[in-house]
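Open the structure in your viewer and keep the selection tool at hand. We will go from stop to stop, and at each one you will find out what to pick next and what is there.

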Amino acid sequence: KVKGFAGCNNFFGTYTLKNDRLALERLGSTRMACPDMEVENYLMKVFGTVTSYKIAGDLLTLYSKNTAVAIFRAGFEQPAQDNQPLPEQQP
C-alpha cells in the first residue's frame with residue numbers, strides 16, 4: 001500500500017515493484033477543497049505516470065520513463081528549494 005499527505009488531502013493506493021520498475025495504482029484521495037491545489041493536483045496526476053524510482057541518501061526520486069517528475073526528502077515537512085540540484089547532479 002501507498003499512502004501520504006499531499007498538502008491538503010490524504011492520498012492512498014497500491015503499488016507494484018518489479019526490479020527497478022515501480023507502478024502506483026488505484027490511487028485516490030480525500031476531497032477537501034483548499035485555496036491552492038496546484039501542487040496537489042500535479043502530484044496526483046504524475047503519480048499515475050510513475051515507471052521507476054531512485055533512492056539516493058535521503059532523496060526519493062520518482063520517474064516517468066527517464067524524466068524525474070517528483071522528488072521527496074525524508075524527514076522534511078517543507079518543500080525543497082526550486083534551485084536544488086537533482087540527485088544525479090549533486091557532487
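Start by selecting C8, which is buried at 8% relative accessibility. Keep in mind on this tour that you are looking at a predicted model. Now add C34, which is partly exposed, with a relative accessible area of 25%. What joins C8 to C34? A disulfide does, with an S to S distance of 1.5 Å. The torsion about the S-S bond of this pair is about 55 degrees, so the disulfide is right-handed. The two ends come from distant parts of the chain: C8 sits in the loop between β1 (2-5) and β2, while C34 sits in the loop between β3 and α1 (38-47), 26 residues apart. A search of the whole structure finds 1 disulfide, so you can leave this selection on as a landmark while you look around.

**Step back to the whole chain**

Switch to a cartoon view and colour by secondary structure. You should find 1 helix and 6 strands, in the order β-β-β-α-β-β-β along the sequence. Of the 91 residues in the chain, 25% are buried. If you turn on the surface, its accessible area comes to about 7,000 Å², and carbon and sulfur atoms account for 53% of that. Among the contacts with a separation of 6 or more, 29% are between residues 24 or more positions apart.

**Into the nonpolar core**

Next, select V2, A6, F11, L22, L24, L43, V46, F47, V50, L62, V69 and A70 and show their side chains. These 12 residues form the largest nonpolar core. Which elements supply at least two residues each to this core? They are β3, α1 and β6. Of the contributors, α1 gives the most, with 3 residues.

While you are here, centre on A6. Leaving aside residues up to four places away in sequence, A6 touches F11, E40 and L43. Both F11 and L43 also belong to the core you have just selected.

**Three aromatic rings**

Hide the rest of the core and keep F11 and F47, then add F72. Together F11, F47 and F72 form one aromatic cluster. How many aromatic pairs does a search of the whole structure find? The count is 2.

Look at F11 and F47: the ring centres are 5.1 Å apart and the planes stand at 50 degrees, so this pair is tilted. F11 belongs to strand β2 and F47 to helix α1, so the pair ties together parts that are 36 residues apart in sequence. Both rings come from buried residues: F11 has a relative accessible area of 11%, and F47 has one of 4%.

Now turn to the other side of the cluster, F47 and F72. Here the ring centres are 6.3 Å apart with the planes at 35 degrees, so this pair is tilted too. It again links distant parts of the chain, with F47 in helix α1 and F72 in strand β6, 25 residues apart. Is F72 buried or partly exposed? F72 is partly exposed, with a relative accessible area of 31%.

**A salt bridge**

From F72, move one residue along to R73 and add D58. Their side chains meet in a salt bridge, 3.9 Å from N to O. D58 lies in the loop between β4 (52-56) and β5 (59-64), and R73 in strand β6 (residues 67-73), so the pair ties together parts that are 15 residues apart in sequence. Both partners are partly exposed, D58 at 38% relative accessible area and R73 at 25%. The count of salt bridges comes to 1.

**Two backbone stops**

Finish with the backbone. Most residues other than glycine have a negative phi. Select N19, in the loop between β2 (10-18) and β3 (21-29). Although N19 is not a glycine, its phi is positive, about 55 degrees. N19 counts as exposed, at 75% relative accessibility.

The last selection is R26, in strand β3. R26 is not a glycine either, yet it has a positive phi of about 50 degrees. This residue is exposed, with a relative accessible area of 69%.

Definitions and conventions:
Residues numbered from 1 in each chain as written. Predicted model: local features only at pLDDT ≥ 70, side-chain atom pairs only at ≥ 80, totals over all residues. Heavy atoms only, no water. Helix = DSSP H or I, 4+ residues; strand = E, 2+ residues; numbered from the N terminus. Buried < 20%, exposed > 50% of the residue type's maximum accessible area, 1.4 Å probe, protein only. Contact = heavy atoms within 4.5 Å. Areas by Shrake-Rupley, 256 points an atom, 1.4 Å probe, with all protein chains shown as cover. Salt bridge = Lys/Arg side-chain N within 4 Å of Asp/Glu carboxyl O. Disulfide = S-S within 2.5 Å. Core = buried A, V, L, I, M, F, W, Y, C linked by side-chain atoms within 4.5 Å. Phe/Tyr/Trp six-rings, centres within 6.5 Å; stacked < 30°, edge-to-face > 60°.
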